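Student: I would like to go through the charged pairs and the nonpolar packing of a model. Could we take it step by step?
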Amino acid sequence: TNRAVAFQYAKGKGAGTILEIQTGMIDRGAELGWLSLYPHEAELCFPPLTGLEVVGTRVEDGILVLAMRLNLNLSTSTIDEVVGKRKKVVMGMCDEAKKSIDGDTWDAIFRELNDVSGQVKVVVQAHVE
């Protein structure tokens with residue numbers, strides 16, 4: 001949040017880059033100084049599902065400055081919502097299929113689907129964690 005401090009850090013070894021982020025009232029993020037080990041650094045935490053859009057670039061004092069805008073998409077589904085919707089669709093298809101399959105065959109298919117579902121859930125959880 002302090003321009004001079006950002007340029008000081010960016011002038012270190014290697015190619016320096018500064019993200020100059022424009023924020024609004026909704027997407028400005030939460031101030032973390034009250035719980036930070038370094039409160040003088042004025043850290044911010046942006047809301048979940050916040051995207052960064054580059055709106056311009058320039059070079060100042062040999063440092064690449066990326067002008068950015070935050071995009072907070074409040075209508076984007078979370079992974080849990082997407083998985084829940086997909087599960088509902090698949091279960092609906094299964095219900096329709098069940099109507100045309102005998103009981104023993106259906107039970108075998110359903111057991112196989114549950115096994116695959118459990119494996120997919122483990123993979124998704126591993127990626128999230």
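Student: Is glutamate 20 buried, partly exposed or exposed?
Tutor: Glutamate 20 is partly exposed, with a relative accessible area of 22%. Buried means under 20% relative accessible area, exposed over 50%, and partly exposed in between, using a 1.4 Å probe and protein chains only.

Student: What should I know about the model and the numbering?
Tutor: This is a predicted model, where local features need pLDDT of at least 70, side-chain atom pairs count only at pLDDT 80 or more, and totals for chains, interfaces and linings use all residues. Residues are numbered from 1 along each chain as its sequence is written, and side-chain values use heavy atoms, with hydrogens and water left out.

Student: Which side chain meets glutamate 20 in a salt bridge?
Tutor: That of arginine 3, at 3.0 Å from N to O. A salt bridge is a side-chain nitrogen of Lys or Arg within 4 Å of a carboxyl oxygen of Asp or Glu.

Student: Where do the two residues of that pair lie?
Tutor: Glutamate 20 is in strand β1 (residues 17-22) and arginine 3 in helix α1 (residues 3-10), 17 residues apart. Helices (H or I, at least four residues) and strands (E, at least two) are DSSP runs, numbered from the N terminus.

Student: And what about glutamate 60?
Tutor: The side chain of glutamate 60 also forms a salt bridge with arginine 3, at 2.8 Å from N to O. Because glutamate 60 lies in strand β4 (residues 50-60) and arginine 3 in helix α1, the pair ties together parts that are 57 residues apart in sequence. Glutamate 60 is partly exposed at 23% relative accessible area, and arginine 3 is partly exposed at 43%.

Student: How many salt bridges are there in the whole structure?
Tutor: A search finds 5. One of them joins arginine 69 and glutamate 53, at 2.8 Å from N to O. Arginine 69 lies in strand β5 (residues 63-72) and glutamate 53 in strand β4, so parts 16 residues apart in sequence are tied together.

Student: Which residues do shared partners join into one network?
Tutor: Arg3, Glu20, Arg58 and Glu60.

Student: Changing topic, which residues make up the largest nonpolar core?
Tutor: Phe7, Ala10, Ile18, Ile63 and Val65, 5 residues in all. Helix α1 and strand β5 each supply at least two residues of this core. Such a core is a set of buried Ala, Val, Leu, Ile, Met, Phe, Trp, Tyr and Cys residues joined through side-chain atoms within 4.5 Å.

Student: What does isoleucine 18 touch?
Tutor: Leaving out residues up to four places away in sequence, isoleucine 18 touches Ala6, Phe7, Ala10, Ile63, Leu64, Val65 and Leu66. Contact means heavy atoms within 4.5 Å.
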